[in-house]
Amino acid sequence: MMTDQTSRPAPPLDMSEYRAELADLQLTEEQETEILEILWNMMGFFACTGFEVDVCGLIFDEFNEASASAAGNDKLTSSPDMESASKPDGGRA
């Protein structure tokens with residue numbers, strides 16, 4: 001769930017730190033400013049999303065539910081195959 005981004009101001013963009021990275025593109029100063037502002041906003045969005053979205057939940061919720069259902073309770077369990085595979089000798093005695 002996204003929250004109101006106005007509650008947290010973005011760090012200031014110091015374009016002078018990044019203009020040299022764009023020198024090979026032969027852009028006008030106006031074009032450099034535009035691309036830096038766009039990239040800065042994109043990075044800010046991804047940073048905010050990284051703190052606000054439960055990425056692990058998105059990835060593992062379905063797995064956790066399937067594992068719990070297979071075990072017949074709400075605790076995750078490992079199979080004997082997984083336990084032996086995690087041993088250094090591959091589970092062989």
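**Figure 1. Close-up of E65 and the acidic patch around it.** E65 sits in helix α2, the stretch that covers residues 55–71. This is a predicted model, so read each close-up as a view of computed coordinates. Is E65 buried or exposed? With a relative accessible area of 53%, E65 is exposed, since the cut-off for that label is over 50%. E65 also has company: together with D54, D61 and E62, E65 forms a patch of negative charge on the surface.

**Figure 2. Close-up of the salt bridge between R19 and E32.** How many salt bridges does a search of the whole structure find? The search turns up one. In this salt bridge the side chains of R19 and E32 come together, with an N to O distance of 3.1 Å. The pair ties distant parts of the chain to each other: R19 belongs to the segment before α1 (29–52), while E32 is in helix α1, and the two are 13 residues apart.

**Figure 3. The two ends of the salt bridge, seen by accessibility.** Which label does R19 get, and which does E32 get? R19 comes out as partly exposed, because its relative accessibility is 22% and the buried class stops at under 20%. E32 has 11% relative accessibility, so E32 falls in the buried class.

**Figure 4. Close-up of N41 and A10.** N41 is another residue of helix α1. Its relative accessible area is 53%, which means N41 counts as exposed. Where does A10 come in? Along the sequence, N41 and A10 are 31 residues apart, yet their C-alpha atoms are 8.8 Å from each other in space.

**Figure 5. Stepping back to the whole chain.** Zoom out and you get three helices and zero strands. Reading from the N terminus, the order of elements is simply α-α-α. Of the 93 residues in the chain, 10% are buried; E32 from the salt bridge is one of the buried residues. How much area does the chain expose, and what share of it do carbon and sulfur atoms supply? The exposed area is about 8,000 Å², and carbon and sulfur atoms supply 59% of that. As for contacts, take those in the chain with a separation of 6 or more: 37% of them are between residues 24 or more positions apart.

Notes:
Residues numbered from 1 in each chain as written. Predicted model: local features only at pLDDT ≥ 70, side-chain atom pairs only at ≥ 80, totals over all residues. Heavy atoms only, no water. Patch = residues over 30% accessible without salt bridge, like charges linked within 9 Å, V, L, I, M, F, W, Y side chains within 5 Å. Areas by Shrake-Rupley, 256 points an atom, 1.4 Å probe, with all protein chains shown as cover. Salt bridge = Lys/Arg side-chain N within 4 Å of Asp/Glu carboxyl O. Lys, Arg positive; Asp, Glu negative; His and termini not counted. Charge placed at Lys NZ, Arg CZ, Asp CG, Glu CD. Helix = DSSP H or I, 4+ residues; strand = E, 2+ residues; numbered from the N terminus. Buried < 20%, exposed > 50% of the residue type's maximum accessible area, 1.4 Å probe, protein only. Contact = heavy atoms within 4.5 Å.
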